[in-house]
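Student: Could we go through this model one question at a time? I would like each answer to end on the name or value I ask for.

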Amino acid sequence: MAAPLAPSGFQFAIDRGGTFTDVFARCPGGRVRVLKLLSEDPAYRDAPTEGIRRILQELGVPLPRDQPLDGSQIQWIRMGTTVATNALLQRRGERTALAVTRGFRHLLHIGTQARPHLFDLEVAMPDMLYEEVIEVDERIVPEQPDCCSGVTLLVQKPLDLERLRGDLEGLLNRGFRSLAVLLLHSYAWPEHEEQVAALALDLGFSQVSLSSGVARMARAVPRGLTACVDAYLSPGVRSYLHSFCQGFRDGLQGVRVLFMRSDGGLTPMARFRGSQAILSGPAAGVVGYARTTFDPRDGTPVIGFDMGGTSTDVSRFAGALEHVFEASTAGVSIQAPQLDINTVAAGGGSRLFFRSGLYVVGPESAGAHPGPACYRKGGPLTVTDANLVLGRLLPEYFPRIFGPGEDQPLCRDSAVAAFRHLAATIGDFRSATGDSAVPDVSPEPPSVEEVALGFIRVANEAMCRPIRALTQARGHDASRHILACFGGAGGQHACAIARTLRMARVCVHRHSGLLSALGLALADVVHEEQEPCALPYGPGAFPRLEQRLRELERRCRDALRGQGFADEQIVTEPFLHMRYDGTDGALMVSARGHPARPDTCQAGDFLGAFTERYRQEFGFALPGRAVLVDDLRVRGTGSTEPVAPEPLGPRGDVTQCYFEGGYQDTPVYLLEDLGSDHVLPGPAIIIDTNSTIVVEPGCVATMTPLGDINIAVGEGPAQTLGTELDPVQLSIFSHRFMSIAEQMGRTLQRTAISTNIKERLDFSCALFGPDGGLVSNAPHIPVHLGAMQEAVQFQIRELGPELREGDVILSNHPRAGGSHLPDLTVITPVFWPGQPRPVFFVASRGHHADVGGSTPGSMPPHSQSLRQEGAVFVSFKLVTKGQFQEQAVTEALLAPGAVPGCSGTRNLRDNLADLRAQVAANQKGIGLVRELIGHCGLEAVQAYMGYVQDNAEVAVRDTLRAVAARWGSLLQAEDSMDDGTPIRLRVELDPKEGSAVFDFGGTGPEVLGNCNAPRAITLSALIYCLRCLVGHDIPLNQGCLAPVQVLIPPGSILDPSPEAAVVGGNVLTSQRLVDVVLRAFGVCAASQGCMNNVTFGSDRGGYYETVAGGAGAGPHWEGRSGVHTHMTNTRITDPEILELRWVWGQDWLRAGSGGAGQCRGGDGVIRELQFRRGAELAVLSERRATRPYGMAGGLPGAPGLNLLLRRDGRVINVGGKGQVSVEPGVTPKPQKPQK
């Protein structure tokens, strides 16, 4: 390729970050200048303008800061900015109001109803971006449910503009000038939103953001949140752009000013809006490494590793930018094209802790103030301090900007002193536990360097987890990637991370410290057009699809031509947003690599591309099932000329740097002194003005002709991992075990087909030891936490020597450790050569929407025996000798049809698909366990399995000692179910041993209904409560229960007979158990105490959901309203999706239902559904007779209520547990309890 022509004017690419602003400039003649300056400095008004001023001033003409710059010499400016991101994080956007369809004023507050942190009793969620809500009288509804040939919408209620006018004028009078608009189904019918916008702008609003304008895709919640983000941020973005232009004499007239969007494309300044700006800076970094590291000739994919001060971003590039269309930033879900960037809270500023024998890195950060200990401002120990102590950061190469006066160098002595204190703490812990919970540990305190290196190794493992999620969890081999390192802190960790992931090569661009700015210079200008579709993919739809794609392409080309691009510079690519009928897992698919054939759409073979992508993402395809097209999208790019790299034309300082084995002489090189003939064997340190790169022993760095650094990663010194306890390895194994469970969960989610697992996330995955004891459980659904351990241990007792490699067990019976029948548990033994018995077990539990029984959804409210609740599996071999037993399991799933009044499963196809997905998830776990054993050895892995369990025990014992010291050694509590059955608890604490006896003596007997809870449910509730009491992350395993003795009276509601009905025990009694335990410990008031189960359906299939309520208040916090609590955290189906399939629905908070007190309890939810066709409806709920208790004088919350609104006007109370046949137009109206 010919070198690009030298520019005729200055070209500036500027990344304005939160701390620093990076400038990459090409001057007339082709000379490249780079510059880094503080984003905020009293010496200048705006950092990008200051950077431009400094470079222009190099021409020799003084340019005073107080005068506007002459922009006539500037050809273009490209910018990425964190202005919008910072405003969102700090909640400093424009005062915003929300206009929403009447009846949905609390829709965005409730959101998905899931809480962000599973074990935080104080449910802390970000504030909503809007301050006020007005409801708009209008309603658009789909004409009929289950339509797959396109959506016909009906105007059920016309838009009332006159009433709206008064509401909008009221907002203006109260000072609002920014408005977000969310009207249901506006993605397909935007006219009502457009009329609202016209009226609002006419009345004087300066910013109106329409949900149909920011995201033309179904799902009201993320679309509405995106509109709020846009309304909240766009005025600030617009103000900044205006201010930036004012820094130039002519307001930058005639200069092409482009901004980076979150999707990796540039857009003109006039079209840049808040909702596109969230990932502006990180997106530029992805483009930077994609354009400079990826080589299309060999196609080796690249992992981007961007380590900053508070977090690390990882991403993947394999020839095309990878996008997601819904992601969360600062707690806000945004539905817009964004680059797929995974973030982990581990950066240079991440704090270091030693907790109960475990090395912990983050997620807390020291921030810029006070910063790390070495910043001389009294800050805590951080990863940066560890690198400094180890000699991997050299203070003499850093500016003197630290200390109270910001005029001193980094202070190694402060970091050493803090590490010395921490090392003594670790030594004290070892001495205290050397002969008890953690055996065989030397009482000698570790050295400062050993502790610092240990934390570095733990931090590296934490940063490997998101990389594994991008690669292994999606079917890619991490070792077959290049690691592209950039960001200020990444160079100190890149070699170690690559070695851990078995990557052979690290690439560090010579401008790695400002790669985002370089990416801006290399990026393309992008314009996209999108519209909804709702057509089946097939020959009958091809003419319509082709016509609309041509129209969208025309719009893209016209827009790019208007920005000065010639036709030969413009490339367009069509996409279809496709999914299988009956699923929610839509994929945005390009036909790239799948050319058109006579029997396909003219734009390409989208079905072939979709099938290939679906199989890659989810592990299987669904031949014969209809494929639907939800949306059409065309992405147009205007290509710009590349930036010409400049070829480069040692100095031998030596320092002492600490690695495995001790200090080593480590040469120090300045990057600017190195040429293409230099080969630097590790250890070595390479320093440039913006970053420090550590070449570890066993690695070799080579300078390229362009000045970049290629590092060949060696295997490093051979290490034998013994079975004796090393606290650092304990922390690393804790990460690895949890990573196995997490990747199993990701595999299950992506390979499952049902809404329950794929969308509502009602599943859990876990790893178990050879005795069936829980090792790690990814925290998905709390009610599954301890229950699966009972299931695995039952199979070991039941099958024992009969288990063979290639066998997979299916179980759901309560006596076999099951919770209730819809929760199907799939268990697979893990074998290792030379071992006759399994060395580990993996298991996955998923809630199936229907397994037969007396009602659709398999949650009958009035069941009195187990066989009325669906198919039963005790020790069923789902896979034998590697063969999936489809016929046998089909017969078992249909068997409940032989029970009078019952049916077999009503959705066999999804049952089988989800069971295969669970088998695949287990297989992923087996592969990861075997990989770990192959790397570390079986004895070591099993030894650390035991140590991780011991560590959880230590953490719980510490908590129980603290509780005993505060509350005494005897705690008691009692509550009752709605039928009066008491649940009594007496807790006897041993403050010396840190142990407890949980005695449920006096609890009521087994009940005739279905609120009986198998023993496994009680254990799950206890593990959940103990983890909440600990207050920080600990391994979730059987060690949590080691200090605890649990006494449950046989024959009680908590230990019923084998054939007792139990479907309500899992979802109702489990919540009451948590209420009783937390009441005994006195930590918070009761939450809603129920999961509010609603099922409806027919022979054609069923729908199941759990509905949120309110969270209990604590001594220093208000209870959150409209959120799932305690033993569940499943999501709720978006109202637009629900209305397309079954019912019309709406939700709002039940004002005042939370109990009054100094800290109020959270309010419950009113959920109203209007049926559009006949169905069987079942409601299974609690707290309809009893009220959620208050604590410390706080008042109880209101009880719930389930109402049925008949077409003739009658209002009927169906009770807490009711079943009824409903007709079109009938409305059930559950009102959820709260505290």
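Student: In which loop is the place of Gly-513?
Tutor: This is a predicted model, in which local features need pLDDT of at least 70, side-chain atom pairs count only at pLDDT 80 or more, and totals for chains, interfaces and linings use all residues. Residues are numbered from 1 along each chain as its sequence is written, and side-chain values use heavy atoms, with hydrogens and water left out. Helices (H or I, at least four residues) and strands (E, at least two) are DSSP runs, numbered from the N terminus. On that basis, Gly-513 sits in the loop between strand E23 (505–508) and helix H13 (515–522).

Student: Is Gly-513 buried or exposed?
Tutor: Buried means under 20% relative accessible area, exposed over 50%, and partly exposed in between (1.4 Å probe, protein chains only). Gly-513 has 12% relative accessibility, so Gly-513 counts as buried.

Student: Which residues does Gly-513 touch, not counting those up to four places away in sequence?
Tutor: Contact means heavy atoms within 4.5 Å. Cys-485 is 28 residues away along the chain, and its C-alpha atom is separated from that of Gly-513 by 9.4 Å. With residues up to four places away in sequence left out, Gly-513 touches Asp-22, Lys-36 and Asn-690.

Student: Why is helix H2 (residues 83–90) described as largely enclosed?
Tutor: The buried residues of H2 are Val-83, Ala-84, Thr-85, Asn-86, Ala-87 and Leu-88. Their cover includes strand E1 (10–16), strand E4 (74–81), helix H7 (220–246), strand E16 (327–329) and strand E17 (332–334). H2 is largely enclosed by the rest of the structure because its buried residues number 6 of the 8.

Student: What phi does Arg-91 take?
Tutor: Arg-91 comes just after H2. Its phi is positive, at about 55°.

Student: Where is Leu-252, and what is its phi?
Tutor: Leu-252 lies in the loop between H7 and strand E11 (256–260). With a relative accessible area of 4%, Leu-252 is buried. Although Leu-252 is not a glycine, its phi is positive, at about 65°.

Student: Is Ala-1192 buried or exposed?
Tutor: Ala-1192 is in the loop between strand E50 (1175–1180) and strand E51 (1201–1205). Its phi is near 55°, a positive value in a residue other than glycine. The relative accessibility of Ala-1192 is 81%, so Ala-1192 counts as exposed.

Student: Which residues is Asn-951 in contact with, leaving aside its neighbours within four places in sequence?
Tutor: Asn-951 belongs to helix H21 (residues 938–967). Its relative accessible area is 3%, so Asn-951 is buried. Outside its neighbours within four places in sequence, the contacts of Asn-951 are Arg-355, Ser-356, Gly-357, Leu-358, Leu-730 and Pro-1035.

Student: What is the C-alpha separation of Gly-1112 and Gly-1190?
Tutor: Gly-1112 is found in the loop between strand E47 (1101–1106) and helix H24 (1135–1141). Gly-1112 is buried, at 1% relative accessibility. Along the chain, Gly-1112 and Gly-1190 are 78 residues apart, and their C-alpha atoms are separated by 8.2 Å.

Student: Which residue in the turn between E35 and E36 has a positive phi?
Tutor: Two strands pair if DSSP finds at least two bridges between them. Strand E35 (residues 763–768) and strand E36 (residues 774–777) pair in the antiparallel sense over 3 bridges, with Phe-768 opposite Leu-774 and Leu-767 opposite Ser-776. They form a hairpin with 5 residues between them, and the turn residue with a positive phi, about 85°, is Gly-772.

Student: Which strands stand at the edges of the sheet that holds E36?
Tutor: The sheet is open and has 7 strands, paired antiparallel in the order E36-E35-E39-E38-E37-E40-E41. Each edge strand has a single partner strand, so one side of each is left without a neighbour in the sheet; these strands are E36 and E41 (883–884).

Student: How many bridges join E48 to E49?
Tutor: Strand E48 (residues 1143–1150) is mostly covered, with 7 of its 8 residues buried. In E49, Phe-1171 stands opposite Val-1143. E48 and strand E49 (residues 1164–1171) run antiparallel, and the bridges that join them number 8.

Student: What is omega for the peptide bond that joins Gly-682 and Pro-683?
Tutor: Pro-683 is in the loop between strand E30 (679–681) and strand E31 (684–687). The bond from Gly-682 to Pro-683 is cis, with omega about 5°.
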